[in-house]
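Here is a note for a colleague who is opening this entry without having seen it before. Please keep the structure in view while going through the numbered points.

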Amino acid sequence: MRATLPTLVAFVIAAAACGQTESSPAPNTEATAAAPRAAGMAAATAGEARELPAVLVYKDVGCGCCDEWVAHLRAAGFKVDARNTSDMASIKRDAGVTAALASCHTALIDGYVVEGH
């Protein structure tokens with residue numbers, strides 16, 4: 001199953017919020033506030049509701065932003081399998097993430113790779 005455009009838009013908004021803290025508001029507060037509502041309403045095509053895709057997140061065990069990002073995805077309605085690993089290099093290599101794009105967490109969602117911030 002491929003993710004629909006509304007699902008991907010909601011996911012990108014959720015990914016963009018990574019690293020945000022309560023003291024540093026998101027650049028587009030309206031879009032970020034809409035993300036949980038948009039994501040919570042599973043994408044519908046011709047009146048047919050679809051479940052959001054599962055998200056597999058590989059993350060560095062010592063990184064706090066990874067945990068916050070996972071919590072944000074869950075609050076937006078995604079089912080997240082978060083796995084701590086000390087070998088992020090092999091996860092990224094296998095997913096095709098280059099060193100220039102590498103960050104602290106890598107997510108796999110419905111055939112897509114979402115890298116960190």
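1. Val55 has Ile109, a residue of β5, as its bridge partner. This contact belongs to an antiparallel pairing in which strand β3, residues 55-60, and strand β5, residues 105-109, are joined over five bridges. As with everything that follows, please bear in mind that the model is predicted.

2. The pairing of β3 with β5 sits inside an open sheet of four strands, which runs in the order β4-β3-β5-β6 and has mixed pairing. The edges are taken by β4 (80-85) and β6 (112-115), and because each of them has a single partner strand, one side of each is left without a neighbour in the sheet. From one strand to the next, the twist averages 20°.

3. Two helices pack on this sheet, and I would look at them in turn. Helix α3, residues 64-75, touches β3, β4, β5 and β6, and its direction makes about 165° with that of β3. Helix α4, residues 88-95, also touches β3, β4, β5 and β6, while its direction makes about 40° with that of β5.

4. Does the length of α3 agree or disagree with what its residue count would suggest? At 1.5 Å a residue, its 12 residues should span 16 Å, and since the C-alpha atoms at its ends are 17 Å apart, the two values agree. After α3 comes Gly77, whose phi is positive, near 105°.

5. Which residues of α3 are buried? They are Cys65, Cys66, Trp69, Val70 and Leu73. Viewed down the axis of α3, the buried residues fall within an arc of 140°, and therefore they line one face of the helix. In general, an α-helix has 3.6 residues a turn, so residues three or four places apart point the same way.

6. A reader who notices the cysteines may ask how many disulfides the structure holds. The number is zero, and the pair to inspect is Cys63 and Cys65, because the sulfur of Cys63 has its closest cysteine sulfur in Cys65 at 3.4 Å, which is too far for a bond when the cut-off for a disulfide is 2.5 Å. Cys65, correspondingly, is in no disulfide, with the sulfur of Cys63 as its nearest cysteine sulfur.

7. Are these two cysteines buried or exposed? Cys63, at 17% relative accessibility, counts as buried, and Cys65 is likewise buried, with a relative accessible area of 17%; the cut-off that applies to both is under 20%.

Terms used: Residues are numbered from 1 along each chain as its sequence is written. This is a predicted model: local features need pLDDT of at least 70, side-chain atom pairs count only at pLDDT 80 or more; totals for chains, interfaces and linings use all residues. Side-chain values use heavy atoms; hydrogens and water are left out. Buried means under 20% relative accessible area, exposed over 50%, partly exposed in between (1.4 Å probe, protein chains only). Two strands pair if DSSP finds at least two bridges between them. Axes are lines fitted to C-alpha atoms, for helices over the stretch in contact, and angles run from 0 to 180 degrees between N-to-C directions. Contact means heavy atoms within 4.5 Å. The expected span of a helix is 1.5 Å times one less than its number of residues. The arc is that of the directions from the helix axis to the C-beta atoms.
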